[in-house]
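User: Hey, can you walk me through this one? I'd like to go chain by chain, then look at the odd spots.

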Amino acid sequence: MQEISIKVEEKLYQNRYMVDEGRPHISVKPHTQPTEALASLVKICPAGCYSRTETGQVEVAPDGCLECGTCRIVCAATGDIEWNYPRGGYGILFKFG
Amino acid sequence: MSETFDAIVIGAGPSGNACAYVLAKSGLNVLQIERGEYSGSKNVQGAILYADALERIIPDFRDDAPLERHIVEQRMWILDDKAHVGGHYRSDAFNEERPNRYTIIRAQFDKWFNRKVREAGALVVCETTVTELIKDGKGKVIGVRTDREDGEVYADVVVMADGVNALVASRSGIKKEVAPETVALAVKEMHFLPQDVIESRFNIGEEEGVVIEVAGSVTVGMVGTAFLYTNKESIAIGIGCLVSDFAEAQVRPAFLLEKFKNHPSIKPLIAGSEVKEYAAHLIPEGGLPAVPQLYGDGWMIVGDAAQFVNAVHREGSNLAMTSGRLAAETIIEAKKAGKPMVASVLAAYKKALDDSFVIKDLHKYRRLPKVLHHNKHFFTDYPRLLSQAAETMLRVDGEDKRSKEKKVTKAFRSTRRLGGLLGDVFNLARAFR
């Protein structure tokens with residue numbers, strides 16, 4: 001397979017957001033070892049909001065969230081994350097959709 | 001707000017706008033609640049508009065709706081890493097006075113549709129997220145709670161048009177949570193190019209558009225499809241696969257989109273374009289088995305929230321608009337007859353859906369999601385075999401044609417064996433019957 005380098009952050013720069021400062025709409029519940037479902041989000045979140053800490057936990061920075069709900073559905077059974085829509089008016093603002 | 005509305009519609013996408021418009025047009029007192037800054041700001045689609053579904057709601061929509069191009073050509077491509085095989089259908093018959101399908105840009109189109117809803121007399125409140133349903137002592141839905149201060153509003157009936165995640169219904173316990181194998185995650189980019197460049201690249205006239213639907217090795221073995229749609233001055237390009245497959249294969253969605261954009265059959269079509277947006281959205285793919293209970297005491301579900309997508313024909317917005325309209329018509333009938341908005345009365349909505357193309361089409365393809373889920377080789381082996389077969393037969397290299405045919409047959413038989421090939425034919429034929 002041809003190597004393709006991509007930076008999701010660069011893609012997100014093109015988007016418009018109204019960030020609700022200090023009120024993230026997604027949070028990861030405290031854990032020592034992430035479940036398989038939670039760990040998978042590091043790769044499959046289309047906005048790259050999830051990452052691993054040095055000590056192996058999964059954390060989320062939902063500022064660039066596209067509000068698709070993938071993480072919510074993948075972790076519904078395990079209950080690893082708390083997910084809500086941003087408050088009305090906040091979050092992604094699609095120019096084209 | 002202490003007043004009680006005839007109906008509350010949650011969400012302002014195609015199903016919510018259709019429902020609120022029809023309700024308001026009939027004179028009912030309607031409140032529509034949208035969490036985005038405006039209708040469309042949270043919505044994502046390819047996007048194709050199916051004229052028929054909208055015509056039944058707003059017959060003269062062509063007068064002022066923001067439409068991009070009417071579609072005159074459909075390309076269906078099966079990709080392996082280097083090639084595409086496929087079929088094209090292009091017809092001048094699609095250049096008609098009232099074209100059948102258009103490309104649209106959802107943020108603009110939804111804004112227009114929602115303006116029509118307001119003009120019809122509905123009260124539209126944006127930047128407000130509905131958090132849950134309010135029920136009375138007997139469990140009948142009587143209103144909604146929002147994230148606004150004192151944000152409780154009441155109505156005779158609540159229509160949930162809140163999209164694929166259907167949070168309101170699942171958090172109120174009237175619908176099961178969406179399962180990862182019943183939704184696809186699609187990522188999409190908007191690529192801008194001058195209008196004349198698009199028209200010469202796709203061999204089309206000023207208003208004409210092309211749709212390319214793609215399956216094959218671009219989804220790296222996952223169940224999914226990709227697409228490329230021509231707008232007036234932009235190209236929408238995207239790819240989607242089942243969420244369960246993404247989770248299992250651990251593929252980065254943005255990587256998948258990049259791989260598709262770099263495919264030799266796609267790359268020249270978008271060369272030199274400027275990307276202005278990157279979006280992601282879920283698409284219901286579970287078909288009929290994933291459709292939830294659609295009505296109850298004081299509530300109804302429409303559109304993506306009800307999983308109304310025909311995954312085979314890539315139709316969704318028309319099912320959404322039609323379900324929104326049918327829900328509204330059910331409410332209007334009940335009001336006229338002075339009946340309460342209880343399950344036994346709202347059941348007419350389900351009956352109307354059953355009699356429409358919405359449920360009929362979902363019923364026709366009810367077996368397909370399972371067949372594809374258990375036969376991943378449709379997305380891997382067959383694209384490769386088809387491409388190899390075409391290349392073998394087209395390359396002129398001194399080998400006789402019968403030997404070439406034998407080579408092709410042997411490749412199919414050694415990959416899938418005779419039993420496998422027959423089984424595939426049977427399963428697919430049955431799933432499409």
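User: In what order do the elements of chain A run from the N terminus on?

Analyst: Going from the N terminus, chain A reads α-β-β-α-β-β-α-β-β. That comes to three helices and six strands. Keep in mind that this is a predicted model.

User: What's the radius of gyration of chain A, and what would a compact globule have?

Analyst: Chain A has 14 Å, and a compact globule with 97 residues would be near 13 Å, so the two agree. Along the principal axes, the C-alpha atoms fill a box of roughly 40 × 40 × 25 Å.

User: How much of chain A is buried?

Analyst: Buried residues are 41% of its 97 residues. As for contacts with a separation of 6 or more, 69% of those in chain A join residues 24 or more positions apart.

User: Ok, switching to the interface. How many residues of chain A are in contact with chain B?

Analyst: On the chain A side there are 32, and they meet 43 residues of chain B. Helix H1 (8-12), helix H2 (36-44), helix H3 (70-74) and strand S6 (91-93) of chain A each put in at least two residues. H3(A) gives the most, with four residues.

User: How does that side of chain A divide into nonpolar, polar and charged?

Analyst: The split is 17 nonpolar, nine polar and six charged.

User: Which residue of chain B touches A:Lys11 and A:Leu12?

Analyst: B:Tyr278 does, and it also touches A:Gln14, A:Asn15 and B:Glu189, leaving aside residues up to four places away in sequence. B:Tyr278 is in strand S15 (residues 274-284) of chain B. B:Glu189 is 89 residues away along the chain, yet the two C-alpha atoms are separated by 4.6 Å.

User: Is B:Tyr278 buried or exposed?

Analyst: B:Tyr278 is buried, because 23 other C-beta atoms lie within 10 Å and the cut-off for buried is 20 or more.

User: How is chain B divided into domains?

Analyst: Domain 1 is assembled from 4-66 + 104-176 + 292-355, domain 2 is 181-284, and domain 3 is 369-432. The C-alpha centres of domain 1 and domain 3 of chain B are 45 Å apart.

User: And the largest nonpolar core, which residues have the most contacts inside it?

Analyst: Those are B:Val159, B:Met160 and B:Met300, in a core of 150 residues. Nonpolar side chains tend to be buried together in soluble globular proteins. Not counting residues up to four places away in sequence, B:Val159 touches B:Ala7, B:Val9, B:Ile10, B:Cys19, B:Met300, B:Val302 and B:Ala327.

User: Now the odd backbone stuff. Where is there a cis peptide bond?

Analyst: From B:Gly46 to B:Ala47, with omega near 20°. B:Ala47 sits in the loop between strand S2 (30-33) and strand S3 (48-50) of chain B.

User: What about positive phi in a residue other than glycine, where does that turn up?

Analyst: B:Asp150 is one case, with phi near 50°. B:Asp150 is in the loop between strand S9 (141-146) and strand S10 (152-160) of chain B. B:Ala166 is also not a glycine and has a positive phi of about 45°. You'll find B:Ala166 in the loop between S10 and helix H4 (167-171) of chain B.

User: Buried or exposed, for B:Asp150 and for B:Ala166?

Analyst: B:Asp150 is exposed, since it has 8 other C-beta atoms within 10 Å and exposed means 12 or fewer. B:Ala166 counts as buried, with 27 C-beta neighbours inside 10 Å.

Notes:
Residues numbered from 1 in each chain as written. Chains lettered and ligands numbered in written order. Predicted model: local features only at pLDDT ≥ 70, side-chain atom pairs only at ≥ 80, totals over all residues. Contact = placed C-beta atoms within 7 Å. Nonpolar A, V, L, I, M, F, W, Y, C, P; charged D, E, K, R; others polar. Rg over C-alpha atoms; globule rule 2.2 N^0.38 Å. Core = buried A, V, L, I, M, F, W, Y, C linked by C-beta atoms within 7 Å. Domains from an automatic or database assignment.
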